[in-house]
Amino acid sequence: VVLVVAAVARLLCLHRGEIRALSSRLPLLAARERDDAPPATAAVKAALSRGNATVWAALLADAAALGAQHRYLEQGFAAPAETLTQDGNAFLDLAAAVRAVPVADAHVEAGRAMAEIGCGTNYGENLAMALAWLLPGNGQIGTVSFEGFQRAWHAWQLAGAASQHRGRATEIALKNLERGLRGRDAAALAGDIGSAPRLPALLAAFVADTCSGPLGPEDLERAEDRLAAASRELTMATHDRAETLIAGEFVVRVAWRLLFREQMLPPAPEWVRHPLDRPTAPSLVWRAADAVQRRMAVPFLRRVVQDAVELCRRQQRR
C-alpha cells in the first residue's frame with residue numbers, strides 16, 4: 001500500500017502537466033461506451049475499461065520505477081556468477097533473474113540517497129504525447145500516419161521535451177531529423193525499445209475505435225492486423241531495427257488478445273492448455289503469447305518465447 005501511495009504521489013508530481021490532458025481524453029473511452037458502442041455488450045465495457053487501465057497502469061509503473069530507469073545506459077547490467085547458466089548466457093531461473101542490477105548500482109554505498117539514482121524520466125511523457133496525438137480530445141480518433149507522427153514527435157522534442165536520457169536511438173533519430181532526413185531514413189538502427197511507451201496509447205485508441213463496431217472474432221483479427229501495422233508505423237518514426245519492430249508488434253498483439261480475452265482467448269480444454277497454465281489459474285498471457293508467436297512466425301521470436309517458458313518452468317521445479 002505504501003509503495004502504491006508513493007508511486008501515485010510521484011506520478012502526480014512527474015506528470016501533473018499531462019494529468020489535465022489525460023483526464024480530458026481517457027473519459028472519451030467511457031463516453032464511447034455510452035454513445036457509440038453496441039448496446040448490452042458486456043465485452044465492450046470490459047475492453048474499454050482494460051484499455052483505459054492500460055494507460056494509467058503504464059504511467060503508474062513509470063512513476064514507481066523512477067529509481068531504476070536509464071541506469072542500464074551507463075555500463076549495462078551485472079549479475080552474480082551463481083545466478084547464470086554454465087555458459088553464462090542465461091539466468092538459471094526467475095529467482096536468479098531478479099538479482100540482476102544495473103552495473104552503475106552494483107556497488108552503491110549503503111545510505112546513498114535514492115533520489116540521486118535515475119533522475120530524469122521520459123517514458124511517461126512519451127506516452128502522454130502519443131495519447132494526445134492519437135486521442136486529440138475532440139471525440140474523434142486520430143488517423144495513424146507514419147509521417148504525421150514523426151512530424152508531431154519532432155515538433156514535441158523541439159518544443160522542450162526533456163533532453164536528459166533520451167536514449168541512443170532517440171538521440172540519433174532527432175539528429176537525423178535536424179539534418180533534414182525524413183521517413184525511415186531518419187530512424188535509427190540502434191537496438192533498444194525506447195518506442196515502447198507509445199504502445200499503451202495506441203492500444204487505448206484502437207480499443208475505443210474498435211468498440212464502436214462489431215466485435216466478432218474475424219472483426220477483432222482484422223483490427224489486430226491493423227494495430228500491428230500501426231505499431232510498426234509509430235515505432236519506425238525513431239526506431240527501424242528489425243528486432244525493435246518485431247518486439248513492438250508482438251507486445252501489442254498479445255495485449256490486444258488480453259484486452260478482448262472473452263472473444264480471442266476462450267476457455268481451453270485441459271488437453272490443449274499451455275504447459276505453464278495452472279488448473280486453478282490458467283495463464284491467459286502464455287496462451288496469448290504462444291498464439292501470437294505462431295501467427296507472426298518469426299524464428300528468433302519463437303526462440304525467445306521458448307526460452308522464457310523454459311525459464312519459468314525451471315522456477316516451477318525449484
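**Exercise 1. Helix H8**

Task: In this predicted model, list the buried residues of H8 and state whether H8 is mostly covered or mostly uncovered.

Solution.
- Step 1. Gly124, Glu125, Asn126, Leu127, Ala128, Met129, Ala130, Leu131 and Leu134 are the buried residues of H8.
- Step 2. Nine of the 12 residues of H8 are buried, and the helix is mostly covered.
- Step 3. To check the length, take 1.5 Å a residue: the 12 residues of H8 should then span 16 Å. The C-alpha atoms at the ends of H8 lie 17 Å apart, which agrees.

**Exercise 2. Helix H9 and its neighbours**

Task: Find which residues of H9 are buried, and which helices they pack against.

Solution.
- Step 1. H9 covers residues 146-158, and its 13 residues should span 18 Å at 1.5 Å a residue. The end C-alpha atoms are 18 Å apart, in agreement with that value.
- Step 2. Buried in H9 are Phe146, Gly148, Phe149, Gln150, Trp153, His154 and Gln157.
- Step 3. These buried residues pack against four helices: H8 (123-134), H10 (168-178), H11 (198-210) and H12 (217-236).

**Exercise 3. The crossing of H9 and H10**

Task: Describe how the axes of H9 and H10 cross.

Solution.
- Step 1. The two axes come within 11 Å, with a crossing angle of roughly 100 degrees.
- Step 2. An angle from 65 to 115 degrees counts as roughly perpendicular, so H9 is roughly perpendicular to H10.
- Step 3. On the H9 side, the contact is made by Gln150, Trp153, His154, Gln157 and Leu158. On the H10 side, Thr170, Leu174, Leu177 and Glu178 take part.
- Step 4. Sorted by type, the residues of this contact are four nonpolar, four polar and one charged.

**Exercise 4. Aromatic pairs**

Task: State how many aromatic pairs the whole structure holds, and classify the geometry of each.

Solution.
- Step 1. A search of the whole structure gives two aromatic pairs.
- Step 2. In one pair, the ring centres of tryptophan 133 and phenylalanine 149 are 5.2 Å apart and the planes stand at 70 degrees. Planes over 60 degrees apart count as edge-to-face, so this pair is edge-to-face.
- Step 3. Tryptophan 133 belongs to helix H8 and phenylalanine 149 to helix H9, so the pair ties together parts 16 residues apart in sequence.
- Step 4. Tryptophan 133 has a relative accessibility of 21% and counts as partly exposed, because the cut-off for buried is under 20%. Phenylalanine 149, at 0%, is buried.
- Step 5. Tryptophan 256 and phenylalanine 260 form a tilted pair, 4.7 Å centre to centre with 55 degrees between the planes.
- Step 6. Tryptophan 256 is buried at 0% relative accessibility, and phenylalanine 260 is also buried at 0%.

**Exercise 5. Alanine 228 and valine 252**

Task: Work out which residues alanine 228 touches and which valine 252 contacts.

Solution.
- Step 1. Alanine 228 sits in helix H12, and valine 252 in helix H13 (residues 242-259).
- Step 2. Alanine 228 counts as buried at 0% relative accessibility. Valine 252 is buried too, with a relative accessible area of 0%.
- Step 3. Not counting residues up to four places away in sequence, alanine 228 touches Glu249, Val252 and Arg253.
- Step 4. With neighbours within four places left aside, valine 252 is in contact with Leu199, Leu203, Leu227, Ala228 and Ser231.
- Step 5. For C-alpha distances, alanine 228 and phenylalanine 250 are separated by 8.1 Å, at 22 residues apart along the chain. Valine 252 and serine 231 are 21 residues apart along the chain, and their C-alpha atoms are separated by 7.4 Å.

**Exercise 6. Lysine 45**

Task: Decide whether lysine 45 is buried or exposed, and give its C-alpha distance to cysteine 211.

Solution.
- Step 1. Lysine 45 is part of helix H4 (residues 42-64).
- Step 2. Its relative accessibility is 55%, so lysine 45 counts as exposed.
- Step 3. Lysine 45 and cysteine 211 are 166 residues apart in sequence, and 8.8 Å apart from C-alpha to C-alpha.

**Exercise 7. Alanine 297**

Task: Locate alanine 297 and state what stands out in its phi.

Solution.
- Step 1. Alanine 297 is in the loop between helix H15 (284-296) and helix H16 (299-317).
- Step 2. Most residues other than glycine have a negative phi.
- Step 3. Alanine 297 is not a glycine, yet its phi is positive, at about 55 degrees.

**Exercise 8. The chain as a whole**

Task: Give the secondary structure count of the chain and the share of buried residues.

Solution.
- Step 1. The chain has 16 helices and two strands.
- Step 2. Of its 318 residues, 42% count as buried.
- Step 3. Among contacts with a separation of 6 or more, 73% are between residues 24 or more positions apart.

Methods: Residues are numbered from 1 along each chain as its sequence is written. This is a predicted model: local features need pLDDT of at least 70, side-chain atom pairs count only at pLDDT 80 or more; totals for chains, interfaces and linings use all residues. Side-chain values use heavy atoms; hydrogens and water are left out. The expected span of a helix is 1.5 Å times one less than its number of residues. Buried means under 20% relative accessible area, exposed over 50%, partly exposed in between (1.4 Å probe, protein chains only). Contact means heavy atoms within 4.5 Å. Axes are lines fitted to C-alpha atoms, for helices over the stretch in contact, and angles run from 0 to 180 degrees between N-to-C directions. Angles under 35 degrees count as roughly parallel, over 145 as roughly antiparallel, 65 to 115 as roughly perpendicular and the rest as oblique. Ala, Val, Leu, Ile, Met, Phe, Trp, Tyr, Cys and Pro count as nonpolar, Asp, Glu, Lys and Arg as charged, and the others, Gly among them, as polar. Rings of Phe, Tyr and Trp (its six-membered ring) pair if their centres lie within 6.5 Å; planes under 30 degrees apart count as stacked, over 60 as edge-to-face and the rest as tilted.
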